[in-house]
Structures are given as structure tokens and as C-alpha cells.
Amino acid sequence: MVTVLRKWIVRIMSVGRKLKVFLIEDGSQIRTILIDVLQKTGRIEVIGYAEGESDALNQLRAKEWDAVIVDISLIEGSGLGVLAGLQHDVKSYGKRFVFTNSASAALKERSLTLGADGFFDKSTDLNTLVNHLREIPT
């Protein structure tokens, strides 16, 4: 009974809460577009961004987030390094989505093996990515 009550209280308290999304993107123009598109949904809050692997891992480990959008090519390190770093942490994290211009089958397979929940091509899949984010319960 107590467990059911706790779940009910958490659900009531989360109504109206925005999905907390963190971006790992080193391209300022793409990052600006993503932030604009995501925040226009009305239910997504971009809580920060990083341009490199080390900074991304440090920030992700220090924040509470529901989803992260990861580019593969970064100014330092790579998105694959970010996924690998999160995969080996004891802490449970939110959803991980790769959003890249390097959309090959091999890279997709590697990303999914490292814990990505989705893999999207920047040139064609922005709407699909946004729809996946909208489906995440808050």
C-alpha cells in the first residue's frame, strides 16, 4: 500500500514538470537550433550543454537529467566516449540519444552497444528525435 501511495504522489508531483535534456554538441549553430526546437515543444527544458567529452561527462555526472542528446564528433573526445563513460558508471541515468551527421550502420550498432536508446541522422531525423523525447514520461 505504501509503495502504491508513493508512486501516486510522485506521479502527481511530476505533472507539469518539464523533461530535462542535456546537449552534447560542439556546433554552435546546430546547438542553437536544437535548443530553440526543443524548448518550443513546451515540455522540454534544455538544462545545459557541453562541447567535449570530458566536460560532458563531468556535467552529466553532476546534474539530474532525463535525456541527453549526443553528437559523435566533438572538439575533444567523442560521443562514443561519453556513452562508454556513462555505461560504466554505477549511477542510473536517463535516456541517451545520438544525433549525428555520421550516420552509418556500424556507428549506429556501436552506439546502441554502448547504451544509446536511439540513433538519429541530423540531416533527416530531427522531428523523429523530438517525437522520441516527447514520449519520455516525466
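Helices (H or I, at least four residues) and strands (E, at least two) are DSSP runs, numbered from the N terminus. The model worked on here is predicted.

**Exercise 1. Lay out the chain.**
State how many helices and strands the protein chain has, and in what pattern they follow.

*Solution.*
Step 1. Count the elements: the protein chain has six helices and five strands.
Step 2. Read along the sequence. The pattern is α-β-α-β-α-β-α-β-α-β-α.
Step 3. Check the contacts. Among those between residues at least 6 apart in sequence, 65% join residues at least 24 apart.
Step 4. Check burial. Of the 138 residues, 40% count as buried.

**Exercise 2. Pair the strands.**
Find which strands E4 is joined to by bridges, and how they run.

*Solution.*
Step 1. Take E3. Four bridges join E3 to E4, and the two run parallel. Here Ala 67 stands opposite Lys 95 of E4.
Step 2. Take E5, residues 118-121. Four bridges also join E4 to E5, again parallel. Phe 97 stands opposite Gly 118 of E5.
Step 3. Add the connections. E3, H4 and E4 make a right-handed β-α-β unit. E4, H5 and E5 make a right-handed β-α-β unit as well.
Step 4. Look at burial in E4. Five of its six residues are buried, so E4 is largely enclosed by the rest of the structure.

**Exercise 3. Place E1.**
Determine which strand pairs with E1 and which residue is the bridge partner of Ile 24.

*Solution.*
Step 1. Six bridges join E1 to E2, and these strands run parallel.
Step 2. Ile 24 has Ala 50 of E2 as its bridge partner.
Step 3. Include the helix. E1, H2 and E2 form a right-handed β-α-β unit.

**Exercise 4. Dissect the nonpolar cores.**
Identify the members of the largest nonpolar core that touch the most other members, and the elements that supply at least two residues each.

*Solution.*
Step 1. This core has 16 residues. Val 21, Leu 23, Leu 38, Ile 69, Phe 97, Leu 129 and Leu 133 touch the most other members.
Step 2. Map the core onto the elements. Strands E1 (19-24), E2 (44-50), E3 (67-70) and E4 (95-100) each supply at least two of its residues, as do helices H2 (28-39) and H6 (126-134).
Step 3. Zoom in on Ile 69. Leaving out residues up to four places away in sequence, Ile 69 touches Val 21, Phe 22, Leu 23, Ile 24, Leu 38, Phe 97, Phe 99, Leu 129 and Leu 133.
Step 4. Apart from this core lies another, of 13 residues. Its members include Ala 50, Val 70, Val 82 and Leu 86.
Step 5. Set this in context. In soluble globular proteins, nonpolar side chains tend to be buried together.

**Exercise 5. Examine H4.**
List the buried residues of H4 and what they pack against.

*Solution.*
Step 1. Gly 79, Gly 81, Val 82, Leu 83, Gly 85 and Leu 86 are buried in H4.
Step 2. The buried residues of H4 pack against E1, H3, E3, E4 and helix H5 (105-113).
Step 3. Inspect the N-terminal end. Ser 78 caps H4 there: a side-chain oxygen lies 3.3 Å from the backbone nitrogen of Leu 80.

**Exercise 6. Trace the salt bridges.**
Explain what the Asp 66–Arg 17 pair ties together, then compile further salt bridges.

*Solution.*
Step 1. The structure holds seven salt bridges.
Step 2. Asp 66 pairs with Arg 17, with the closest N and O atoms 3.1 Å apart. Asp 66 sits in the loop between H3 (53-62) and E3, and Arg 17 in the loop between H1 (2-14) and E1, so the pair ties together parts 49 residues apart in sequence.
Step 3. Check exposure. Asp 66 is buried, at 17% relative accessible area. Arg 17 is partly exposed, at 30%.
Step 4. Glu 51 pairs with Arg 31, the closest N and O atoms again being 3.1 Å apart. Glu 51 is in the loop between E2 and H3, while Arg 31 is in H2, 20 residues apart. Arg 31 counts as buried, at 8% relative accessibility.
Step 5. Asp 89 pairs with Arg 61, with a closest N and O separation of 2.7 Å. The two are 28 residues apart, Asp 89 in the loop between H4 (79-87) and E4 and Arg 61 in H3.
Step 6. Finish with the network: salt bridges link Glu 25, Asp 71 and Lys 122.

Conventions: Residues numbered from 1 in each chain as written. Predicted model: local features only at pLDDT ≥ 70, side-chain atom pairs only at ≥ 80, totals over all residues. Heavy atoms only, no water. Core = buried A, V, L, I, M, F, W, Y, C linked by side-chain atoms within 4.5 Å. Buried < 20%, exposed > 50% of the residue type's maximum accessible area, 1.4 Å probe, protein only. Contact = heavy atoms within 4.5 Å. Pairing = 2+ DSSP bridges. Right-handed = clockwise from strand over helix to strand, strands pointing away. Salt bridge = Lys/Arg side-chain N within 4 Å of Asp/Glu carboxyl O. Polar contact = N/O pair within 3.5 Å; in protein donor to acceptor, adjacent residues only side chain to side chain.
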